[in-house]
Amino acid sequence: MRRTMMLAAAAAMLTLGTVTPAMAEPGNGHVFTLAVYGDAPYGTSPTDTAEFQATPAFIDSINNDPQVSLVAHVGDIHSGKQYCTQAYDQSVYNLWTRYQKPLVYTPGDNEWTDCHKPAEGGGTYSPSTQQINYALDPVTHQPVDYASGNPVANLDLVRSTFFSKPGSTLGNGKQHVLSQAQVYDRAHPNDSKYIENVMWQEKGIQFVTLNIPGGSNNDADVWYGAPSQSAAQAKEVSERTAADLRWLDRAFAQAQEDHSTKGVVILTQADMWDLDSNTAAHLTGYNPFVASIASHTTQFGKPVLLFNGDSHQYKSDNPLSPSAPCVGEVAGGGEGACASVASAHPGYDVPNFHRVVVHGSTFPLEWLKLTIDTNANAPASANAFGPFSWQRMTQS
């Protein structure tokens, strides 16, 4: 990776990424705890607010845990059956001000890439007119979605709502993070758009978030169901994928250069191994990320833990292992055909990698209590890996 003055600046700023002493667990400087969750609050329809209304008590349950120093949300702030509106995004932002801890958030697909879909209030391409029939409010006759569900416009809305200041976290408390908007390779000025991609270091652990939406990396699901992908969609996928990969390069470069780094945590929305009754071809858009993570993890040689949401069902596994377990039926494979999670991206064997899918979308609301002990080195199991261990927590 090219060494530039900007990388030097990044390293300098990353040294700020530590929790203040008041937030650390007393008397145990090598142990700290995070709350990780995603795919919440969800609704079964545009008018279903049950999970939203339950969220303040859920937030309080995290606030009331004195060990938790930071909260991470891995995306999807509403379901695929709810509309994409400015008012809703703002309501979630307002809800999160209740957190007494700093909150790091990476966007999911439901709040931007999927806004074009009819179920989310976008629209449907008409073959007869070759135009898009947008979902309209029956009273005002105006589009129900922000910007008629245009994904790029909705990502800009997410950025203006949740990422108005580069390097800042949400909620309360202070956690210094470095945004891609603050440091980027001058050869790729478009990378400055990705304010939502952040990284920080804490007690020997490198953290990095990546805007990778679930489904198909905004690639296989053509906007509004049109016959072919638009130039705007192709540009979005190409630019963001390249920026994400460069950000991942930077995160691992930082981890490699600091020999005291004990592990890396990656936070993103997409379940890049979830076939979801599709063929493996539906996940092709994730190939560059999987290849990069596998290569960097192998070279790093220390534990790398990935958290993602998207598929909603809690899972703890290593999808970069040829012995990964069966995850469901193969699309078109016939009765009884079964695929391993590794079949989505075959050919990898990276033992120092592990991933956890956070449970989301359903009651009771759930979060993972992630404890990091940089003196530990646990073998991979259902709830531990290297310096990491985690516990499923539900709202009482």
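**View 1. The buried cysteines C84 and C115.** In this predicted model, C84 and C115 are both buried. Their sulfur atoms sit 2.1 Å apart, and the two residues form a disulfide. The link has -90° about the S-S bond, which makes this pairing of C84 and C115 left-handed. Follow the chain outwards and you will find C84 in the loop between β2 and α3, with C115 in the loop between β3 (102–105) and β4 (123–126), so the bond ties together parts that are 31 residues apart in sequence. The disulfide count for the model comes to 1.

**View 2. Helix α2 and its kink.** Here is α2 (residues 50–63), with a kink of about 35° centred on P56. Its 14 residues should span 20 Å at 1.5 Å a residue, and the end C-alpha atoms are 21 Å apart, which agrees. Have a look at the buried residues of α2, which are E51, F52, A54, T55, F58, I59, I62 and N63. These buried residues pack against β1 (31–37), β2 (68–73), α3 (86–96) and β16 (366–373).

**View 3. The largest nonpolar core, centred on its contact-rich residues.** This core has 33 residues, and those with the most contacts inside it are V208, I266, M272, W273, L320 and F353. Two or more residues come from each of α5 (231–257), β10 (263–267), α6 (287–300) and β11 (304–308). Apart from this core lies another, of 25 residues, including A40, I59, I62 and L95.

**View 4. The surroundings of V208.** Setting aside neighbours within four places in sequence, V208 is in contact with V198, M199, W247, L248, A251, V265, I266 and L267.

Notes:
Residues numbered from 1 in each chain as written. Predicted model: local features only at pLDDT ≥ 70, side-chain atom pairs only at ≥ 80, totals over all residues. Heavy atoms only, no water. Core = buried A, V, L, I, M, F, W, Y, C linked by side-chain atoms within 4.5 Å. Buried < 20%, exposed > 50% of the residue type's maximum accessible area, 1.4 Å probe, protein only. Helix = DSSP H or I, 4+ residues; strand = E, 2+ residues; numbered from the N terminus. Contact = heavy atoms within 4.5 Å. Expected span 1.5 Å × (residues − 1). Bend = angle between axes of the 7 residues up to and from the residue. Disulfide = S-S within 2.5 Å.
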